[in-house]
Amino acid sequence: MPLSANDRIPPAPDGASHRGHRMSVARLYRVGSPFNGAELAELDYEQSADTMYFAHLNHAPAKLVRAGHSDWTFSTIAFAPTIAAPTGLSLLSNNPNTDSANSGNAYFPQTQKYVVTAVNDVSGAESRASAPVDNAGDPNDLTLKRNSNQLSWSAAAGATRYRVYKADNTQEYGYIGSTESLSFVDDNIGPDYSDGPPIGEDPFSGADDHPSTVTFFEQRLLWGRTARRPNAIYGSRSGSFENMDISRPLKASDALSFALVAGRVNAVNQLVSMNDLLALTSDAIFKIEGGQAGYISATDFVVRRQNGRGSSRLSPLVIDSVCFYQTSVGNGVRTLGYEFQSDSINSNDVTIFSPHLFRGFDIKAWAYAQEPRSVIWAVRNDGKLLCFTWEQEQQVWGWTLCETDGLVESLCVVSEGAEDRLYLTVRRGGKLLIERMAAARWDDVADSCFLDSAVTFQFETPQAVLRNLQHLEGRAVSALADGGVVAGLVVANGMVTLPEPARKVTVGLPYSATIETLPLAFQGQAGWTIAKPQTQAKAVIRLIDSRGVKAGPTDATLEPLRSRSSELPGQPPALMTGLYETYLRPDINGGARMVVRSDDPLPMTVSAIHLDPSVSE
């Protein structure tokens, strides 16, 4: 597990050593956060471009907005439309037909009531209703010819047009028309009461109404689980993430809210956006999908309980069409994916072959690195780092324990060029370091890094003294100097001295990479070989760009694979690629196996191991 504490940098102009950029002393921009360190484990977040939304049970919904490299702002979300309502709405009754001579005793004046909203056609946002206005002091009979009501108002910033609503002998408003001007004439237009103005709504205003999980789905921002309603889910208006307004009656684009109802109270621990919206609760998995229209709306959606066990509060990972989550009971990791045969979401346990890595442990944080190896990196609550290899198309997967001389506290993955690079916070010797996983791709072995907490130096002229290693003070370290291995170095006063000067040197904590096959089991003429005495005299290992590889039937009988061929004296051995045969010391046991190890800071990639066993009948 090569963890590099520094980036490579160009050589110093005078040929002196140049230490890479330590993450702990990089230039940082700091901004105050409403969350303290103890609350971060329960903090859920979702990002859209330069805006990140946060959910925590003890805080009102918040967001972090990046306006520039040095302009970041935390703020509490004010749930409201992005456009303000018109102001100054006034009403003038125009009623020339008011006497019996002109109207023939058919004049029945009524009070009309109006509100106006502003609309931005670019964003699709509609404001809340303006302050209402009526003509109670001068009622009008709009059923008579030439009688009308004249409305006027002040412009609203950002408005491209305005919608007018009327309440006629009722408390509800209905749509009567729109205009791009600042006035409107009502000459007895019948209100459409199926289309009412937005009504201001903020379901998170109370202290017990703060949501604890958040996600995006189908142009809506979804929130879930409050202290008052742990099984509730809330959705914003379509296309307006910070708008929870509704209408009467409800429109399809309105904000929505509902509760997950099952045999138990299902606290919504996570919301996951896939082909459908998944609600991962403390007891079960629920799928929320659209109704007749095929998409979720305030007026049409369906909630169904799926196969699967309850989820913990750890944020799930969505990889391709599969969701990974940690169970609420048992500390296992399961997947969720659509199954055609049952037309439902199916759940599988991906820790079934390595339960010992999870028994009694929780995952604190994890992240997915797609390129180049498609792996999930996970931090256990004891500070150990797990790696899960995942190739869905090939049905290849497995867990690996990556141990380092320190405790990993957190991690994240950042895409850099053609690779997804893993960043970790690691506590070593009382110091908290920010380290980055070394690049998996390199052109020359001298450019590789297979050391922990490593620093890379590059010089114009060869140098033997390496400085600025204070974070490894007093530690035994190894080095890869111009492709050659140097072991047994000890850092003193932040320095080490190489036995020979070198131009490109990587120094760090050494570790061993070990591969051990399972006991060989196959069916022969006399039945299965399980539990029968076995020994192997020969093995063939397929290597790719490897060096410093040792192999044997047990840890105590490892021997180096011969690697030198046509190299000149003084040159490091060339990388090994191909089939390499080794004759093993006899070791009789109940199952032929192979141990392959690299103790040096060198690359080792094993693609296949072939054994030639002898089985006693």
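This is a tour of a predicted model, with a selection to make at each stop.

**Whole chain**

Start with the protein chain coloured by secondary structure: one helix and 47 strands are assigned. Switch to colouring by burial, and 46% of the 617 residues come out as buried. The chain exposes about 29900 Å² of surface, of which carbon and sulfur atoms supply 50%. For contacts between residues at least 6 apart in sequence, 59% join residues at least 24 apart.

**Strands 18 and 19**

Select residues 232-235, which are strand 18, together with strand 19; the two run antiparallel and are joined by four bridges. Within this pair, I233 stands opposite F258 of strand 19. Now show side chains for residues 256-259, the extent of strand 19. Which of them point to the buried face? L256 and F258 share one face and are buried, whereas S257 and A259 point to the other face and are not buried. Such alternation between the two faces of the sheet is what a regular strand shows.

**A nonpolar surface patch**

Select Y29, V31 and W72 and turn on the surface. These residues form a nonpolar patch with about 260 Å² of accessible area together. Y29 sits in the loop that runs between strand 3 (21-22) and strand 4 (44-48). Its relative accessible area is 41%, so Y29 is classed as partly exposed.

**Salt bridges**

The model contains 25 salt bridges. The next four selections take in some of the residues involved.

Select K287 and E289. Their side chains meet in a salt bridge, with an N to O distance of 3.9 Å. Are these two residues buried or exposed? K287 has 6% relative accessibility and is therefore buried. E289, at 17%, also counts as buried, because the cut-off is under 20%.

Move to E409 and R427, where the closest N and O atoms of the salt bridge are 2.7 Å apart. E409 belongs to strand 32 (residues 407-416) and R427 to strand 33 (residues 419-428), so this salt bridge ties together parts 18 residues apart in sequence. E409 is partly exposed at 30% relative accessibility, and R427 is partly exposed with a relative accessible area of 35%.

Then select D599 and K550, a salt bridge whose closest N and O atoms are 2.5 Å apart. This pair links distant parts of the chain, 49 residues apart: D599 is in the loop between strand 46 (595-598) and strand 47 (606-615), while K550 is in strand 43 (residues 550-552). D599 counts as partly exposed, with 27% relative accessibility. K550 is partly exposed as well, with a relative accessible area of 24%.

Finish this part with E126, R163, D195 and K251 selected together; a network of salt bridges links them.

**Around V496**

For the last stop, centre the view on V496, which is found in strand 38 (residues 496-509). V496 has a relative accessible area of 3% and so is buried. What does V496 contact, leaving aside neighbours within four places in sequence? The contacts are A464, V465, L466, L469, V477, L489, V490 and V491. Draw a distance between the C-alpha atoms of V496 and L469: the separation is 8.1 Å, for residues 27 apart along the chain.

Terms used
Residues numbered from 1 in each chain as written. Predicted model: local features only at pLDDT ≥ 70, side-chain atom pairs only at ≥ 80, totals over all residues. Heavy atoms only, no water. Buried < 20%, exposed > 50% of the residue type's maximum accessible area, 1.4 Å probe, protein only. Pairing = 2+ DSSP bridges. Contact = heavy atoms within 4.5 Å. Areas by Shrake-Rupley, 256 points an atom, 1.4 Å probe, with all protein chains shown as cover. Patch = residues over 30% accessible without salt bridge, like charges linked within 9 Å, V, L, I, M, F, W, Y side chains within 5 Å. Salt bridge = Lys/Arg side-chain N within 4 Å of Asp/Glu carboxyl O.
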